[in-house]
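Trainee: I have some questions about how the labels for this model were assigned. Can we go through them together?
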Amino acid sequence: MSTLPAWRWPRTLFARLSLILCIGLAVAQALSFWLTLTERDDATRDVMMGYIEREVASSVALLDHLPPDQRAVWIPKLARRSYQFVLGTGIPGTPPGARLSKRVEEAVTAGIGDQYHVTANAVPGDRERLQVHLTLSDGTPLTIDMRPMPSIPLSPWLPVVLVLQLTVLAVCCWLAVRVATRPLDQLARAADTLGPDLKADRLQESGPSEVARAAKAFNAMQDRIKTYMTERMQILSSISHDLQTPITRMRLRLDVMDDIPESAKLQQDLREMEALVKEGVTYARTMHGTLEKSSRVDPDALLDSMVCDYVDAGQQVTCRGTIGTSVTTRPQSLRRLFTNLIDNALKFSGAAEIEVKRLSDEQVSIAVLDRGPGIPEDSLETVFEPFVRLEKSRNRETGGTGLGLAIARQLAQALDATLTLRNRTGGGLEARVVFNKLR
Ligand SMILES: Nc1ncnc2c1ncn2[C@@H]1O[C@H](COP(=O)(O)OP(=O)(O)OP(=O)(O)O)[C@@H](O)[C@H]1O
Ligand SMILES: [Mg+2]
């Protein structure tokens, strides 16, 4: 037996609100339409019954008082839309069962039942039909042949009005939902564009009061983040900068004391401190958004020159694939981003492979691949945090500050690209940078 797919809410708030409003309004509309029709039918039926009661009573009284030879002349004149008189016993049948026929029978009986003996029976056929029999005072049998009207036919313009009403409702729903969801959309977009350069557009603090309040709160939050980030960056850069002078002093002092036994180790420690300070300053700078200006460059030539530099230095770095066109970008940032990734690959595996792929007209993917130990799945995101180095790499040969990936990610964001890490099948790490708009 096939099972029905489980009901799922549409994903967007726009679709959900539209669905609720449209279904709700359509059901309400159908109910009020049904109520109007029922009330209308009941009211017209009551009026019709009163009319039949009075009309039939006066017509029967007239026929009773007319001389028998005059009756045939009057009979057609007394006919109405839903009944006519017939001189004779009519067609026999079973008692009327239908509700409407019963009401008609009651109305006729109420009109003339106290003067005449009235019997009624249904006449079989397509339409509901009944005959009421009575005997006039001179003994002539009279039959009232009735075809009760179930309801007044609907006006032909009713469907048009209904469609118009539903269209107006649908348009109003759409407008209301749009008014409600658009600010959310703008808020999400503003939050998305709030990158490391903290240059997101401010939201307009206008519109309905709730929206204006949310926009105001968002702008205030944006300002606070900007202040915190700037402070953080200033502290980091001033500490890193100020450390440079004492380090240089220590190095000079160490140079004149080369006869002490710990000199080599101290030199090594100083070199590490110097690297840390240099990286700290760079990190602080990249966090502030790269101040570098964009220029037209040939990315293939840039990557090629990087590979050549590594190869000249005796490193094992290869590159495959090309982009094929020149693009507008920040070459120093681009170079630094890939230097950090290639350095990691070299440090942890001894070789790096660059893979360039054009995904679409504007999307380009550049991956740095290695066959090293990779990174445990649960640390693939944490390694992007500043100063995070995994236990395995906390040794002197692979020493570093743990800022390389943090800087790389900041640079990627500033270049409108996304940097992700993934462990490769067969071992090793893939650091992939996807440029969204490289033109
Ligand atoms: N290609 C890789 N293979 C295995 N582990 C890696 C690789 N790249 C980075 N890692 C892990 O991620 C950590 C953080 O890398 P990141 O580049 O930020 O710092 P680092 O290389 O240790 O120091 P720095 O780059 O500042 O000199 C590394 O210490 C290492 O544990
Ligand atoms: Mg590194």
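Trainee: Which residue in β8 is the bridge partner of Thr318?

Mentor: Glu353 is the partner. Keep in mind that this is a predicted model.

Trainee: What makes β6 and β8 a pair?

Mentor: Two strands pair if DSSP finds at least two bridges between them. β6 and β8 have 5 bridges, in the parallel sense. The cut-off is met, so they count as a pair.

Trainee: Which residue in β9 does Glu353 stand opposite?

Mentor: Leu369. Glu353 is thus tied to Thr318 and to Leu369.

Trainee: How do you know that β8 and β9 pair, and in which sense?

Mentor: DSSP must find at least two bridges. Strand β8 (residues 351-358) and β9 share 6, in the antiparallel sense. They pair, because 6 bridges satisfy that minimum. The two strands form a hairpin, with 5 residues between them.

Trainee: What lies on from β9 in the sheet order?

Mentor: β11 does; the order is β6-β8-β9-β11-β10. β9 and β11 (residues 429-435) pair in the antiparallel sense over 6 bridges. One bridge joins Ile366 to Val433 in β11.

Trainee: Why is the pairing in this sheet called mixed?

Mentor: Look at the senses. β6 and β8 are parallel. β8 and β9 are antiparallel. Both senses occur in the 5-strand open sheet, and its pairing is mixed.

Trainee: What makes β6 and β10 edge strands?

Mentor: Each pairs on one side only. β6 covers 316-320 and β10 covers 417-423. From one strand to the next, the twist averages 15 degrees.

Trainee: Which helix packs on the sheet?

Mentor: α9, which touches β10 and β11. Its direction makes about 140 degrees with that of β10.

Trainee: Why is β9 called mostly covered?

Mentor: A residue is buried if 20 or more other C-beta atoms lie within 10 Å of its own. In β9 (residues 364-369), 5 of the 6 residues are buried. The strand is therefore mostly covered.

Trainee: Which residues are closest to ligand 1?

Mentor: Asn344, Leu390, Gly400, Gly404 and Leu405, out of 24 that surround the ligand. α8 (331-349) and α9 (404-414) are the elements that give two or more residues to this shell. α8 gives the most, with 5.

Trainee: How many residues of that shell are nonpolar, polar and charged?

Mentor: 11 are nonpolar, 9 polar and 4 charged. Gly400 and Gly404 belong to the shell; Gly counts as polar here.

Conventions. Residues numbered from 1 in each chain as written. Chains lettered and ligands numbered in written order. Predicted model: local features only at pLDDT ≥ 70, side-chain atom pairs only at ≥ 80, totals over all residues. Buried ≥ 20, exposed ≤ 12 C-beta atoms within 10 Å, placed from the backbone. Helix = DSSP H or I, 4+ residues; strand = E, 2+ residues; numbered from the N terminus. Near = placed C-beta within 6 Å. Axes fitted to C-alpha atoms, helices over the stretch in contact; angles between N-to-C directions. Contact = placed C-beta atoms within 7 Å.
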